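Please open the model in your viewer, with the sequence panel alongside it, and follow the selections below in order.

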Amino acid sequence: MDMANPVQFINQVRAEVAKITWPTRREVITTTIMVFIMAALASVFFSLVDLLIRSGLSVLLGFVGG
């Protein structure tokens, strides 16, 4: 593989960076809040599923063991 000219590489990097559309501050805050809400909902959901499975297994093992 040929080594690229460092100056040409830097110019290409600058051209690609200029094409980036950066999010606004409001978009960043909104998506961050959405991520926190979804993480909280997921944790509540999985906690409830864990509680349900634990209770079900406890009842099942109570019948089998007792």
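A residue is called buried when its relative accessible area is under 20%, exposed when that area is over 50%, and partly exposed in between. By this rule glutamate 16, at 46% relative accessibility, counts as partly exposed. Please keep in mind throughout that this is a predicted model.

**The whole chain**

Begin with the chain shown as a ribbon, where the secondary structure comes to two helices and zero strands. The C-alpha trace spans about 80 × 40 × 10 Å along its principal axes, and the radius of gyration is 27 Å, whereas a compact globule of 66 residues would have one near 11 Å. If you then switch on the surface, you are looking at about 6500 Å² of accessible area, of which 72% belongs to carbon and sulfur atoms. How many of the 66 residues count as buried, as a percentage? The share is 0%.

**Glutamate 16 and lysine 19**

Now select glutamate 16 together with lysine 19, and display their side chains. Side chains of opposite charge can pair when their charged atoms come close. Here lysine 19 forms a salt bridge with glutamate 16, and the closest N and O atoms are 3.2 Å apart. Lysine 19 counts as exposed, since its relative accessibility is 59%, while its partner glutamate 16 is partly exposed.

**Along helix α2**

Move on to helix α2, which covers residues 25-65 and includes valine 49. A useful place to stop is leucine 41, which lies in this helix and is exposed, because its relative accessible area is 52%. If you draw a distance from the C-alpha of leucine 41 to that of methionine 3, the viewer should show 50 Å, for two residues that are 38 apart in sequence.

Next select aspartate 50 and arginine 54, which both lie in helix α2 and are four residues apart, about one turn of the helix. These two residues form a salt bridge in which the closest N and O atoms are 3.5 Å apart. Aspartate 50 is partly exposed, with a relative accessibility of 44%, and arginine 54, at 52%, counts as exposed. In total the model has two salt bridges.

**The aromatic pair**

Which residues should you select to see the one aromatic pair in the model? They are phenylalanine 45 and phenylalanine 46, whose rings are edge-to-face, with 5.1 Å from centre to centre and 70° between the planes. The arrangement is called edge-to-face because the planes are over 60 degrees apart. Phenylalanine 45, which is found in helix α2, is partly exposed at 48% relative accessibility, whereas phenylalanine 46 is exposed, with a relative accessible area of 54%.

**The nonpolar patch**

Finally, keep both phenylalanines selected and add Val49, Ile53, Leu57, Val59, Leu60, Leu61, Phe63 and Val64, so that you have the residues that, with Phe45 and Phe46, make a nonpolar surface patch of about 1100 Å². Among them, valine 49 is partly exposed, with a relative accessible area of 30%. To gauge the spacing between two members of the patch, compare phenylalanine 45 with valine 59: these residues are 14 apart along the chain, and their C-alpha atoms are separated by 21 Å.

Terms used:
Residues numbered from 1 in each chain as written. Heavy atoms only, no water. Phe/Tyr/Trp six-rings, centres within 6.5 Å; stacked < 30°, edge-to-face > 60°. Buried < 20%, exposed > 50% of the residue type's maximum accessible area, 1.4 Å probe, protein only. Patch = residues over 30% accessible without salt bridge, like charges linked within 9 Å, V, L, I, M, F, W, Y side chains within 5 Å. Areas by Shrake-Rupley, 256 points an atom, 1.4 Å probe, with all protein chains shown as cover. Salt bridge = Lys/Arg side-chain N within 4 Å of Asp/Glu carboxyl O. Rg over C-alpha atoms; globule rule 2.2 N^0.38 Å.
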